[in-house]
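Visitor: I am new to protein models. Could you walk me through this one?

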Amino acid sequence: MAILTVRAFGPLMTQRVTIAPRTGYDSYGNAAYGTDVTYQCAVVGEMKLIRTARGQEAPSKQAIYLMSAAAIRPEDRVTLSTGDVNSTEEYAIHPPILAVGRYPFTTGQWFTQLFL
């Protein structure tokens with residue numbers, strides 16, 4: 001019997017996003033970020049009412065399914081491809097992360113979902 005793994009979905013995850021962890025604040029009070037890490041993913045336009053990391057209900061317009069069990073935080077910075085969002089505007093390529101979910105897939109495997 002074949003075991004299904006997260007890697008089996010690789011052909012469906014044809015996009016890439018970069019995520020930079022927030023490291024603190026600079027001397028002007030602006031958020032400072034660490035080095036960008038690139039992840040293979042699927043960016044899906046998906047309208048859904050979610051509960052944010054702060055406990056408020058908010059509409060999510062996109063979901064990102066990472067082929068990774070990375071521990072992403074809502075305060076981190078995500079960068080989407082201009083081709084994926086059809087825009088070069090800052091708000092489109094750096095949308096706020098509203099919530100993050102980490103879900104078990106099979107024994108010992110997890111995937112991460114970001115709600116934007």
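The questions below go from the overall fold to the sheet and then to the aromatic rings.

Visitor: What kind of model is this, and how many helices and strands are in the protein?
Guide: The model is predicted. Read along the sequence, the pattern is β-β-β-β-β-β-α-α-β-β. Each α stands for a helix and each β for a strand, which gives two helices and eight strands.

Visitor: What share of the residues counts as buried?
Guide: A residue counts as buried under 20% relative accessible area. The protein has 116 residues. The buried share is 36%.

Visitor: How much of the accessible surface belongs to carbon and sulfur atoms?
Guide: Start with the total. The accessible surface comes to about 7300 Å². Of this, carbon and sulfur atoms hold 53%.

Visitor: What share of the contacts joins residues 24 or more positions apart?
Guide: Count the contacts with a separation of 6 or more. Among these, look for pairs 24 or more positions apart. Their share is 51%.

Visitor: Which strands are the edge strands of the open sheet?
Guide: Six strands form the sheet, with antiparallel pairing. Their order is S6-S1-S4-S5-S8-S7. An edge strand here pairs on one side only. That picks out strand S6 (77-79) and strand S7 (99-104).

Visitor: How many degrees does the twist average from one strand to the next?
Guide: Go across the sheet, one strand at a time. The twist averages 40 degrees.

Visitor: How many bridges join S4 to S5?
Guide: S4 and S5 run antiparallel. They form a hairpin with five residues between them, and Gly55 in the turn has a positive phi of about 85 degrees. One bridge sets Gly45 against Gln62 in S5. The number of bridges joining the two strands is nine.

Visitor: What is the bridge partner of Gln15 in S4?
Guide: Strand S1 covers residues 15-20, and strand S4 covers residues 37-51. These two pair in the antiparallel sense over five bridges. For Gln15, the partner in S4 is Cys41.

Visitor: Which residue in S8 stands opposite Ala99?
Guide: S7 and S8 also pair in the antiparallel sense. Six bridges hold this pairing. Opposite Ala99 stands Phe115.

Visitor: How many residues apart are Tyr65 and Phe111?
Guide: The structure holds two aromatic pairs. In one of them, Tyr65 and Phe111 lie 6.4 Å apart, centre to centre, with 35 degrees between the planes. The pair links strand S5 (residues 57-66) to strand S8 (residues 110-115). Along the chain, the two residues are 46 residues apart.

Visitor: Is Phe111 buried or exposed?
Guide: Buried means under 20% relative accessible area. Phe111 has 18% relative accessibility, so Phe111 counts as buried.

Visitor: Why is the pair of Tyr103 and Phe111 called tilted?
Guide: The ring centres are 5.5 Å apart, and the planes meet at 40 degrees. Stacked needs under 30 degrees, and edge-to-face needs over 60. The angle of 40 degrees falls in between, so the pair is tilted.

Visitor: Which residues form one aromatic cluster?
Guide: Phe111 pairs with Tyr65. Phe111 also pairs with Tyr103. The cluster is therefore Tyr65, Tyr103 and Phe111.

Visitor: Which residue lies over the face of Tyr33?
Guide: This case pairs a charge with a ring. The distance from the ring centre is 4.6 Å. The residue over the face is Arg77.

How values were computed: Residues numbered from 1 in each chain as written. Predicted model: local features only at pLDDT ≥ 70, side-chain atom pairs only at ≥ 80, totals over all residues. Heavy atoms only, no water. Phe/Tyr/Trp six-rings, centres within 6.5 Å; stacked < 30°, edge-to-face > 60°. Helix = DSSP H or I, 4+ residues; strand = E, 2+ residues; numbered from the N terminus. Buried < 20%, exposed > 50% of the residue type's maximum accessible area, 1.4 Å probe, protein only. Lys NZ or Arg CZ within 6 Å of the ring centre and 35° of its normal. Contact = heavy atoms within 4.5 Å. Areas by Shrake-Rupley, 256 points an atom, 1.4 Å probe, with all protein chains shown as cover. Pairing = 2+ DSSP bridges. Axes fitted to C-alpha atoms, helices over the stretch in contact; angles between N-to-C directions.
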